[in-house]
Every structure is written in structure tokens, then in C-alpha cells.
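Please find below my notes on the model, set out as numbered points. They are meant to be read with the structure in view.

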Amino acid sequence: MGLLRSLVTMLLFIWFSWLPIFTAQPPNSSRALDSLLQDFAYRAFVRPKTGFIYDGVVPTELTGVKIAAMRLRSGSLRRKGYDMYKEFEIPTGVIARPYVERLVFVYQNLGNWSLKYYPLPGYTYLSPVLGLLTYSASNLSATNLAELDIRASGDPIIIKFSDVKSAPNGSVAKCVWFDLKGSPNFSNVASGNECSTYQQGHFSIVVESIAPSPGPVPAPFIPFPGHEKKSESRVGIIVGSVLGGVLLLVLLSFLVLWGQKLKEKKKMKQMERAADVGEALQMTSIGETKAPSAMVTRTQPTLENEYVP
């Protein structure tokens with residue numbers, strides 16, 4: 001059985017060594033990203049206190065993204081606003097619809113993921129995309145929440161970008177606001193790094209891209225033999241690995257059953273040998289028939305009249 005276990009261990013090691021490694025993939029759309037970041041931002045609430053900022057931790061497949069969450073009372077938000085929530089200065093008069101007693105502001109800094117989730121053809125980002133979204137705070141364990149509709153009824157919300165690149169000579173930087181549908185809206189930059197908004201969404205500072213001078217026309221790409229089958233071969237490797245794993249499991253099952261049957265047969269033979277151990281009888285021929293006979297008589301026969309005096 002020791003040899004069988006060693007064989008099983010070796011086969012499992014070989015299989016897992018060749019099995020393709022599958023990692024978690026980031027969300028495919030900006031809305032799916034918002035939903036995921038809301039979930040992870042809410043996880044930062046441990047014994048939450050109203051008005052405190054809690055930095056969250058994103059999954060490893062989104063390394064570079066920063067998130068935070070802050071819970072506020074709707075009445076307090078409308079009367080007092082909030083001085084500085086990360087890069088956002090929230091004034092008085094901000095109202096949420098539908099009304100909730102408490103709400104949560106989820107902050108996003110998409111960092112190097114900005115262009116992936118908010119592509120803007122013809123423009124270059126001078127700062128990361130920042131997000132400010134509002135959700136109900138009635139259940140801090142909830143996921144896939146719908147955003148509340150917030151509006152600044154007086155002064156606008158000010159975004160003071162802390163990481164802004166200089167615009168190229170002759171270019172004019174612009175503020176861009178993406179609404180919840182992903183549609184861009186442009187406005188002027190104030191004080192070099194400030195934008196304003198009356199609604200929630202995603203924000204950044206951009207500049208129109210300078211078209212490069214026309215260069216030589218590149219030669220057409222001619223795929224080398226087998227290039228067009230690269231993706232197909234990758235799929236074949238994955239399918240082959242899965243089928244190989246199934247066959248390996250079937251083989252291991254047969255090996256384990258064979259080992260158990262071998263062990264049972266060995267045990268039965270030992271029991272049969274133990275049952276056969278006893279005093280051997282001598283065989284005597286009687287005519288053409290052989291029959292066992294005792295070698296020694298334990299008690300000698302005595303005639304009755306031998307005891308008569």
C-alpha cells in the first residue's frame with residue numbers, strides 16, 4: 001500500500017503542475033466596477049462612526065485603485081455639508097433622493113485603470129479618474145446597491161485634484177464629468193486643478209490629444225504559419241488539461257479499488273492458512289480407498305475380565 005500511495009501522490013503532483021492557472025479577472029464594465037467597489041468599500045466599516053472616513057482594500061486584480069467610504073446623516077449633510085472628503089469639498093444644501101436617514105459616500109480613485117474603464121478618444125488624461133457615488137446606509141452588509149440621486153441645490157461640489165500633470169504647450173486643460181451612463185460632459189478648469197459639479201459621477205482633467213505627424217506606412221502584417229491557430233491551441237491545451245485531469249481521477253479510483261481488493265485477498269489467504277493449522281492425520285489404504293487414521297491410540301482398550309481376581 002505504501003507504493004500505491006507514493007504513486008498516487010506523484011500523479012497528483014504532475015497533474016497540478018501542468019494544470020493551467022486561472023486568476024480572477026477585473027470587471028468588464030464601469031458599472032460592474034462600481035458595484036464591486038461599493039461592496040469592498042462597505043467592508044471597511046468596522047464599528048462605523050458617522051462622519052469618519054474609512055479607507056477600503058480592493059481585490060488584488062484591481063491593484064492601483066483606491067477606495068473609501070463615509071457615512072453621514074442626510075439632515076446633517078444638507079445643513080453642514082462636509083469640509084473635505086478626500087479631493088471632494090461638499091457644500092451645504094446637498095440633497096439625496098429618495099430620502100434616507102443615513103447615506104454613504106463611496107470614493108474611488110481609479111489610478112492606472114482610468115483609461116480602461118473611461119476611454120476618451122481624442123483626449124489624454126492629466127489626472128486619474130475620481131469617483132463620488134452615494135448609497136443608502138440602512139444595511140452596511142448589502143451588495144449590488146443602486147445609487148441615490150444627489151444634487152447640490154446651492155454651491156457646487158468642488159473637486160481639488162492632487163495629482164495633475166502639466167498640459168502640453170498650446171493645449172487647454174478641461175474638466176470632464178462622466179454621468180452614471182458613462183456619457184462625458186466637459187467644462188473649464190478653475191485654478192489649474194479644480195473642477196465643479198452639481199451631481200455625483202466620475203471626474204478627471206483632460207487635454208485634447210495632439211495628432212502625431214504622419215509617418216511611413218507600415219508594411220502589412222503577414223502572419224507566420226500557425227499564428228492564426230494560437231488562440232485555438234490555447235483552448236485545446238485547457239480542454240486537454242481538464243480531460244487529462246478527469247482521466248487521472250478515474251485511474252486513481254481504479255488503483256485504490258485494486259489495492260483494496262488485493263489487501264482483502266491477502267487477508268483471506270492468511271485466515272485460510274490459520275484454519276488449516278492442526279494435527280496432521282496419517283492416510284491408510286483400505287482397498288482402493290484412502291482414509292485418515294490416528295497414529296497413536298491415547299487409551300489402550302482393556303478387557304473386562306482382566307479385573308476379575
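1. Isoleucine 53 has methionine 70, in strand E2, as its bridge partner. The model is a predicted one. E1 and E2 (residues 66-73) run antiparallel and are joined by four bridges. Side chains alternate along E1, residues 53-56: one face takes Tyr54 and Gly56, which are buried, whereas Ile53 and Asp55 point to the other face and are not buried.

2. Methionine 70 also appears among the contacts of leucine 103, once neighbours within four places in sequence are set aside. The remaining contacts of leucine 103 on that basis are Arg71, Leu72, Ser74, Leu77, Ala96, Thr134, Tyr135, Ala137 and Leu148. Leu103 belongs to the largest nonpolar core, which has 29 residues; together with Tyr85, Phe88 and Phe105, Leu103 touches the most other members. Another core, of 28 residues, lies apart from this one and includes Leu37, Phe45, Val58 and Trp113.

3. Is aspartate 34, in helix H2, buried or exposed? The relative accessible area of aspartate 34 is 2%, so this residue is buried, the cut-off being under 20%. Helix H2 spans residues 30-42. Not counting residues up to four places away in sequence, aspartate 34 touches Gln108, Tyr118, Leu133, Tyr135, Glu147 and His202.

4. The structure holds one disulfide, between cysteine 175 and cysteine 195, with an S to S distance of 2.0 Å. This pair links distant parts of the chain, 20 residues apart: cysteine 175 lies in strand E11 (residues 174-178) and cysteine 195 in strand E13 (residues 194-197). The link is left-handed, with -90° about the S-S bond, and both cysteines are buried.

Definitions and conventions:
Residues are numbered from 1 along each chain as its sequence is written. This is a predicted model: local features need pLDDT of at least 70, side-chain atom pairs count only at pLDDT 80 or more; totals for chains, interfaces and linings use all residues. Side-chain values use heavy atoms; hydrogens and water are left out. A nonpolar core is a set of buried Ala, Val, Leu, Ile, Met, Phe, Trp, Tyr and Cys residues joined through side-chain atoms within 4.5 Å. Buried means under 20% relative accessible area, exposed over 50%, partly exposed in between (1.4 Å probe, protein chains only). Contact means heavy atoms within 4.5 Å. Helices (H or I, at least four residues) and strands (E, at least two) are DSSP runs, numbered from the N terminus. Two strands pair if DSSP finds at least two bridges between them. A disulfide is a pair of cysteine sulfur atoms within 2.5 Å.
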